[in-house]
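Here is a short briefing on selected sites in one chain. Please have the sequence and the structure open as you read.

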Amino acid sequence: LKFHEPLKSKINIIPHGNYLPFIKRQQDQESSRRRLDISSDSKVLLFFGMIKKVKGLDLLLRAMPKIIEENPKVILLIAGKPWKDDFSKYQDIINELQINSNCLLHIKFISYDDVEYYYSASDIVVLPYNKIYQSGVLMMSLSYGKAVVLSDLDSFKEIIEDKKSAFLFKSGDVKSLANTINNTLENPKLLKNIGLKGLELMKEKYNWKEIGKQTRDAYCKINYFYKK
């Protein structure tokens, strides 16, 4: 974010915190997949959360044929409820591209008790967003220690580093998205390491003790300017 110089001294930007105190981490991928009726030898891409036009699900679906070409057993697990959006248009793309057998659709509200199974079952969480200010799904994915592939939007780049704590692709580019996913699926060890780096980032930089300190400092700053 950019501000005029006179405002900079009066503005504090406090980041979205991690989800570590609020989530249950189901470590057993195999039992999570059985619960969701997913084959143990599949490679699972997770698109999680409310389905909105700005979240780029259509882009991810368009990338699927190229991903399937290199990874025939890949499954795109779509879990969430449409918000001011109509899922039928995404279903039309699935039908058009004939990728039904590679898509698992849980188009509904996902209860708190079930969230852990979706993350544990997945290999990669994909956020192909074309516009975002901040993402709770990103922070949750990193808190679960999952590797994430996401658009190279400035708001995402403020949080992660490419190939260090997540993987970036060129926003809006189907080919770039497909290539990034295929490249990451080729290297399971890298996927695991990136997931651990993302989790480490959540623990160190986005922990609630640090956010509490920043919030306190912001209120103290307000009091300082008020007294002046």
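L177 sits in helix 8, which spans residues 174-185. The model is predicted. The notes below start at L177, then turn to helix 4, H106 and two residues with positive phi, D37 and Q98.

**L177 in helix 8**
- L177 is buried, because its relative accessible area is 0%, and the cut-off for buried is under 20%.
- Beyond its neighbours within four places in sequence, L177 touches L59, L60, A63, V126, P128, V149 and F169.
- P21 lies 156 residues from L177 along the chain. The C-alpha atoms of the two are 32 Å apart.

**The buried side of helix 4**
- Helix 4 runs from 88 to 97.
- Y90, I93 and I94 are buried in helix 4.
- These residues lie on the same side of helix 4, because they cover an arc of only 100 degrees around the axis.
- In an α-helix there are 3.6 residues a turn, so residues three or four places apart point the same way.
- The cover over the buried residues of helix 4 includes helix 3 (57-70) and strand 3.

**H106 in strand 3**
- H106 belongs to strand 3, which covers residues 103-106.
- H106 is buried, because its relative accessibility is 15%, and buried means under 20%.
- The side chains of H106 and Y118 make a polar contact at 2.6 Å.
- Y118 is also among the contacts of H106 that lie outside its neighbours within four places in sequence. The others in that list are L36, L77, I78, A79 and G80.

**Positive phi at D37 and Q98**
- Most residues other than glycine have a negative phi.
- D37 has a positive phi of about 60 degrees, although it is not a glycine.
- The loop that holds D37 joins helix 2 (29-36) to strand 1 (43-48).
- D37 is exposed, because its relative accessibility is 68%, and exposed means over 50%.
- Q98 is another residue other than glycine with a positive phi, near 55 degrees.
- Q98 comes just after helix 4, in the loop between that helix and strand 3.
- Q98 counts as exposed, because its relative accessible area is 69%.

Conventions:
Residues are numbered from 1 along each chain as its sequence is written. This is a predicted model: local features need pLDDT of at least 70, side-chain atom pairs count only at pLDDT 80 or more; totals for chains, interfaces and linings use all residues. Side-chain values use heavy atoms; hydrogens and water are left out. Helices (H or I, at least four residues) and strands (E, at least two) are DSSP runs, numbered from the N terminus. Buried means under 20% relative accessible area, exposed over 50%, partly exposed in between (1.4 Å probe, protein chains only). A polar contact is a pair of N or O atoms within 3.5 Å; within protein, one must be able to donate a hydrogen and the other to accept it, and residues adjacent in sequence count only if both atoms are side-chain atoms. Contact means heavy atoms within 4.5 Å. The arc is that of the directions from the helix axis to the C-beta atoms.
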